[in-house]
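Take a walk through this model, from its pockets to a group of packed helices.

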Amino acid sequence: MPHRVIIGNLQKKIYYPFYLLEGAEPYFIDKISDYFQNHFFEDEGLRDFNQQVVYGRDVRMEEIVSMAKEYPMMSDHRLLIVREAQDIPKSPGQKEADYFSVLTQYLQQPQMQTLLVFCYKYKTVDKRSAFFKAVNKVGCVFEAPTIYEEQLPNYIKMMAQERRLQIDDQSALLMASHIGVDLSRIEKEMDKFTNLLPPDGKIQPAMIEEQVGISREYNGYELANALWERNEQKVFDILSFFSKNPKNYPVMKILPIVYGAFQKILQYHYAVDKQNLKALGVFWKSEAIFRSAVRYYSLPVTIRIIRMLKEYDLKSKGYEGCSTEGTELLEELSFRIMHALV
């Protein structure tokens with residue numbers, strides 16, 4: 001269910017006892033949870049008594065269920081938001097089924113007057129699990145899509161339209177290249193233009209240069225491009241930046257981006273038409289880098305790298321007792337990728 005549909009249903013007072021907000025892009029999860037937190041209770045008095053926000057690192061599953069079972073006071077509903085639910089403590093070696101078992105049991109007979117909003121960022125629940133089936137039966141599931149660099153101009157134009165502003169393709173592309181895949185920051189920059197321009201005003205390239213500037217934080221796509229280029233210094237700089245901001249750049253968010261980059265190389269090697277790079281999701285800005293990458297990363301090397309990525313994905317989830325920190329895993333993986341030989 002798209003995030004706008006969920007927010008639209010809330011405005012129509014269509015409620016579910018459980019909301020599973022999961023997936024790779026935290027921006028959409030935050031948009032939904034922020035709407036719940038800021039708009040569900042219009043009366044501040046009712047909000048104080050009936051709205052509770054907790055963070056995954058501070059609670060256990062049993063405590064969440066206990067809070068969810070409480071009854072509202074002087075209201076028809078109670079709202080419980082679990083932010084950063086992916087940080088709820090997990091026992092060493094605990095399987096997903098056991099991890100969610102308490103919630104699965106709760107969902108067999110949920111407290112219908114409680115809206116439990118479970119913000120499970122950067123991950124998705126196994127769709128074959130009893131927990132997911134229970135959520136699907138009585139609740140609402142939202143899976144935040146992964147956003148790719150080539151999609152950014154369209155998102156920028158959509159955000160401008162929502163604010164009654166105009167922006168052409170060239171300016172949207174310029175803004176995307178300055179900021180990168182960071183929808184939260186793009187939204188903040190758009191808010192600046194809303195304050196600067198009248199309704200239906202046009203965002204010009206000069207304004208973007210002045211207001212946004214050319215500096216931007218590193219992101220997973222730049223790491224993928226640096227790996228394509230085998231630019232060891234840039235890879236080191238990016239990973240050093242990630243290590244100083246581990247919460248914003250968790251390994252489970254970066255690995256799918258790198259995987260997607262090498263999947264494109266794999267698809268290229270199997271493609272009949274090797275000239276149509278756009279069909280592979282490679283656009284003009286990255287074309288030269290990509291063509292250089294496919295020359296070095298041959299088909300056998302790429303297959304080996306794909307296996308490596310799957311191996312490190314398991315390691316990042318604690319497989320076989322792996323406790324290596326996320327950035328260290330990325331450093332080790334990046335070195336192996338750039339020096340991969342068959």
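**Pockets and packing**

The second largest pocket has a volume of about 730 Å³. This is a predicted model. The lining of that pocket counts 33 residues, and P26, D182, S184, N248 and K253 are the closest to its centre. Four elements each give two or more residues to this lining: α2 (26-39), α10, α12 (220-229) and α14. By class, the lining has 14 nonpolar, 6 polar and 13 charged residues.

Now turn to the largest pocket. About 1,800 Å³ of space lies there. Its lining takes in 50 residues, with K123, M252, S316, K317 and G318 nearest the centre. The elements that supply two or more residues are α5 (96-99), β5 (140-144), α14 (251-270), α16 (299-316) and α17 (326-338). This lining divides into 22 nonpolar, 14 polar and 14 charged residues.

Helix α10 leads on to the packing. Two packed helices are described by the angle between their axes and the distance between the axes. For α8 and α10, the angle is about 40 degrees and the axes lie 10 Å apart. The crossing is right-handed. On the α8 side, L152, Y155, I156, M159 and A160 make the contact; L183, I186, E187 and M190 meet them from α10. By class, this contact has 8 nonpolar, no polar and 1 charged residues.

Helix α9 spans residues 169-179. Its buried residues are S171, A172, L174, M175, A176, H178 and I179. They pack against α8 (152-162), α10 (183-196) and α11 (205-211). After α9 comes G180, with a positive phi near 85 degrees.

Key. Residues are numbered from 1 along each chain as its sequence is written. This is a predicted model: local features need pLDDT of at least 70, side-chain atom pairs count only at pLDDT 80 or more; totals for chains, interfaces and linings use all residues. Side-chain values use heavy atoms; hydrogens and water are left out. Buried means under 20% relative accessible area, exposed over 50%, partly exposed in between (1.4 Å probe, protein chains only). Contact means heavy atoms within 4.5 Å. Axes are lines fitted to C-alpha atoms, for helices over the stretch in contact, and angles run from 0 to 180 degrees between N-to-C directions. A crossing is left-handed if the near helix is turned anticlockwise from the far one by less than a right angle, and right-handed if clockwise. Ala, Val, Leu, Ile, Met, Phe, Trp, Tyr, Cys and Pro count as nonpolar, Asp, Glu, Lys and Arg as charged, and the others, Gly among them, as polar. On a 1 Å grid over the protein atoms alone, a cavity is a set of points where a 1.4 Å probe fits but cannot get out, and a pocket is an open set with protein on both sides within 12 Å along at least five of seven lines; lining residues have an atom within 4 Å of a point. Grid points are joined across faces, edges and corners, and a volume is the space filled by probe spheres set on the points.
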